[in-house]
Amino acid sequence: MTTSFAPRIFSGIQPSGGLTLGNYLGALKRFADYQGQGAETIYCVVDLHAITVWQDPEKLRHNTREVAAAFMAAGVDPSVSVLFNQSQVSQHAELAWLFNCVARIGWMYRMTQFKDKAGKNSENSSLGLLAYPSLMAADILAYHATAVPVGEDQKQHLELTRDIAAKFNHDYGVNFFPITEPLIEGTATRVMSLRDGSRKMSKSDPSDASRINLTDDADAIAQKIRKARTDADPLPGSMEGLKDRPEARNLVNIYAALTGETGDQVLARFEGQGFGAFKPALADVAVTALAPITRRMTEFMADPAEIDRILGRGSEKAAAISAPIIERTKEIMGMIRSR
Ligand code: TYM
């Protein structure tokens, strides 16, 4: 028996510190594009994921609102999409527990993100950090989401989501959970650090110069791009010529993602020029793209009570979709419901 699932898009962002250009180009920027394209769109600030490592409560509240503001500043319309924070919809935690009993511990130990975050002293990391992907599978499957737009670094977690769905369906002899498609698209699925082309741009990098934050002003953006690590060679005529030049490739990819061009189109204009010419052009493009986002985020953040109301309304809508799916999951697993 094959069940067909209505097209539904889900994605989430952790409120674990300021957002970067990587979050924007790899995820946020694309979220609004899926609205009104036939699929329901559900976007979540994943605060339960954030607390897998220590979060100061006051900062967590601030960051949760800031990520919600960033979603809206990037064009997510809460009257079109469902926009909410994870902890207000208890179905996420509930389904995560059910999935903890389907997923295998070995699957969790294999996650590169766990290995990176737990570091050498993994025995001392929270149990939640190990079970993180099970909660992520719950986020997605609580809505029977069929597609998930993310950056490249989430690919392994999405494969695990598919494994959990498939094992559940197999173990219980049902076709209840969809096998969700990752949407890893565009020229900036993996934006790299401005200081080291072999590392991902990340909000947790100790060096602020390694990233562009969505809250950086025009001067800070221009300065970080000016100081970005590059090489002394001129730019080639196509991306093929940047194969072994990770820092240069990263800057060209960023430019292309910001203007909606391909890397080759950008290079056709800059062929033969050095970074003395390319960097100021990139800074201009970045400031033009990011300044309106930063401004709108600041406007939303001026009214935190309104953000909380929006998240509250979104949470009600999210619960209305996920509650029946979780009830049915429990029924499939043999749990009695006598109300
Ligand atoms: P998070 O909060 O680390 O990042 C949010 C999104 O930004 C993307 N991203 C990047 N893309 C390109 N280049 C980069 N340097 C870069 N850094 C981050 C991430 O791929 C992600 O799409 N586990 C997730 C949050 C999550 C989630 C979910 C996502 C929880 N539940 C369900 C999708 C569906 C995370 O930590 O993302």
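## Exercises on a ligand shell and an aromatic pair

Strand E1 (8–13), helix H1 (21–31) and helix H7 (127–141) each give at least two residues to the shell around the ligand. The model is predicted.

**Exercise 1.** Describe the shell around the ligand by residue count and residue class.

*Solution.*
- Start with the count: 27 residues surround the ligand.
- Pick out the closest: Gln14, Tyr132, Asp139, Asp153 and Val191.
- Sort the shell by class: 12 residues are nonpolar, 10 polar and 5 charged.
- Place the ligand: the space it takes is the largest pocket.

**Exercise 2.** Find polar contacts of the ligand with Gln14, Gly151 and Gln154, then state how much of the ligand the protein covers.

*Solution.*
- Apply the cut-off: N or O atoms must lie within 3.5 Å.
- Take Gln14: a polar atom of its side chain is 2.8 Å from a ligand oxygen atom.
- Take Gly151: here a backbone N or O atom lies 2.8 Å from an oxygen atom of the ligand.
- Take Gln154: a side-chain N or O atom is 2.9 Å from a nitrogen atom of the ligand.
- Now the cover: on its own the ligand has 710 Å² of accessible area, and the protein covers 97% of it.

**Exercise 3.** Classify the aromatic pair of Phe275 and Phe278, and place both residues in their helix.

*Solution.*
- The model holds 14 aromatic pairs, counted with ring centres within 6.5 Å.
- Phe275 and Phe278 are 6.2 Å apart, centre to centre.
- Their planes stand at 90 degrees. Angles over 60 count as edge-to-face, so this pair is edge-to-face.
- Both residues belong to helix H12 (residues 275–301). They are 3 residues apart, so about one helical turn separates them.

Methods
Residues numbered from 1 in each chain as written. Predicted model: local features only at pLDDT ≥ 70, side-chain atom pairs only at ≥ 80, totals over all residues. Heavy atoms only, no water. Near = heavy atom within 4 Å. Polar contact = N/O pair within 3.5 Å; in protein donor to acceptor, adjacent residues only side chain to side chain. Areas by Shrake-Rupley, 256 points an atom, 1.4 Å probe, with all protein chains shown as cover. 1 Å grid on protein atoms, 1.4 Å probe; cavity = no way out; pocket = protein on both sides within 12 Å on 5 of 7 lines; lining within 4 Å. Sits in = over half its atoms within 2 Å of the grid points. Helix = DSSP H or I, 4+ residues; strand = E, 2+ residues; numbered from the N terminus. Nonpolar A, V, L, I, M, F, W, Y, C, P; charged D, E, K, R; others polar. Phe/Tyr/Trp six-rings, centres within 6.5 Å; stacked < 30°, edge-to-face > 60°.
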